[in-house]
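Trainee: I would like to go through the strands and helices of this model. Could we take them one at a time?

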Amino acid sequence: MALKIPVFTCPLYCLLSCRGGSSLSKNSQTSHTPDMSSSSSGWTPRHSQLCMYFDNIVLFTGSFQVGEHGTLLKKFCKGEQQCYLKLMKDSLRPFVPAYHGVVQKDNQDYNMMENLLNNFNSPYIMDCKIGSRTYLENELQLARERPQPRQDMFEKMVAVDPGAPTAEEQAQKAVLKSRYMQWRETLSSTTTLGFRIEGFKKPNEDCQTNFKKTKSKEQVIKALSDFVESNTQIVWGYLRQLRQLRQVLETSDFFKTHEVVGSSLLFVHDCSGKARVWMIDFAKTVTLPPHFRVDHQSPWVEGNREDGYLWGLDNLIDVLTNMLHY
Ligand SMILES: Nc1ncnc2c1ncn2[C@@H]1O[C@H](COP(=O)(O)OP(=O)(O)OP(=O)(O)O)[C@@H](O)[C@H]1O
Ligand SMILES: O=P(O)(O)O[C@@H]1[C@H](O)[C@H](O)[C@@H](OP(=O)(O)O)[C@H](OP(=O)(O)O)[C@H]1O
């Protein structure tokens, strides 16, 4: 049973309470980060339509709040809670944020977790979505049974490629989410490499999220080199972490028994040379039926539940290794 405790009243609450696709991982073609007026608490919040952050402190999506004692509160998702409860007892525990239970604020439940940026000084932060697929099989099923064409996704599609929608989609000015997600996967490196860069943020710079069309190995390397500013010590640090994670995934009961979709690796480093990687976002990670096995590497065909997580991780390790020989 998860702990339910009242949330500490945070002075930033009202500044952080907007939702609207404003995360590091919600892409857009443009970026702007106007300063907001300084608050009496001494914080200088800045925001954009892409991400929200507080001078070198943290990066949020609209579904996050600041918690007490260096914690983050993410809007409650039962599936994600179940994952975190299991992960706290799994060999993957060192590679996920510590989970502290459920808290309530204004009738809204939140999963409370460790803020992974706590021990970094002016962190560099990158979100990479891992896997060859970003939607669940049951989302496809649902789209077939109850199609809900999305105007917002049509607009996002046209903004990147006006020729992408079919004649029917053009007429409706809407696309199905499953169709949009599959299009996003082929546009980016998700289909070809099993991972994609969602965005990154360097200290004192705006969020960079213009990676929707970052697809080839060369393009990915260019973006990663920008993120690490060609610092090979940092690349080594990330490689060590990713290789350890790869080993632990082989032994993890959680990994053996779950389809891991839409989950990201959060990369964080700072100028001291410290570099860490964590698995985050388990909102679309689901338990496999008993005795159902996936190898996390085989190509996906509907029904086999393969997520391509290990394939993507291996490719990411490969790409970072190549960067050392550039
Ligand atoms: N524990 C954490 N510590 C620090 N930052 C975090 C943590 N969890 C998430 N973040 C930040 O918040 C961003 C969004 O996290 P997450 O993917 O879990 O949210 P989401 O609402 O599911 O986003 P999306 O729908 O865009 O995938 C991450 O890219 C990361 O920058
Ligand atoms: O990155 P983009 O191009 O902005 O597209 C979003 C991205 O694919 C998210 O993963 C997805 O959320 P989920 O993974 O949670 O489904 C979101 O769906 P949503 O708009 O229904 O939240 C999409 O809009």
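**Sheet and helix packing**

Mentor: The model is predicted. In it, strand 9 (residues 124-130) and strand 10 (residues 195-201) run antiparallel and are joined by 6 bridges.

Trainee: Which residue of strand 10 is the bridge partner of Ile 125?

Mentor: Strand 9 covers residues 124-130 and is bridged to strand 10, residues 195-201. For Ile 125, the bridge partner in strand 10 is Lys 201.

Trainee: Which strands stand at the edges of the sheet?

Mentor: The open sheet has 5 strands with antiparallel pairing, in the order 11-10-9-13-14. An edge strand has a single partner strand, so one side of it is left without a neighbour in the sheet. The strands placed this way are strand 11 (207-208) and strand 14 (275-280).

Trainee: At about what angle to strand 10 does helix 8 run?

Mentor: Helix 8 (residues 217-228) lies across strand 9, strand 10, strand 11 and strand 13 (264-269). Its angle to strand 10 is about 30°.

Trainee: Is the crossing of helix 8 and helix 11 right-handed or left-handed?

Mentor: The axes of helix 8 and helix 11 (residues 309-324) come within 10 Å and cross at roughly 70°. Helix 8 is therefore roughly perpendicular to helix 11. The crossing is right-handed.

Trainee: How many residues of the contact of helix 8 with helix 11 are nonpolar?

Mentor: Helix 8 contributes residues including Val 220, Ile 221 and Leu 224, and helix 11 residues including Leu 316, Val 319 and Met 323. Of the contact residues, 2 are polar and 2 charged. The nonpolar ones number 8.

Conventions. Residues numbered from 1 in each chain as written. Chains lettered and ligands numbered in written order. Predicted model: local features only at pLDDT ≥ 70, side-chain atom pairs only at ≥ 80, totals over all residues. Heavy atoms only, no water. Pairing = 2+ DSSP bridges. Helix = DSSP H or I, 4+ residues; strand = E, 2+ residues; numbered from the N terminus. Contact = heavy atoms within 4.5 Å. Axes fitted to C-alpha atoms, helices over the stretch in contact; angles between N-to-C directions. Parallel < 35°, antiparallel > 145°, perpendicular 65-115°, else oblique. Left-handed = near helix turned anticlockwise from the far one by under 90°. Nonpolar A, V, L, I, M, F, W, Y, C, P; charged D, E, K, R; others polar.
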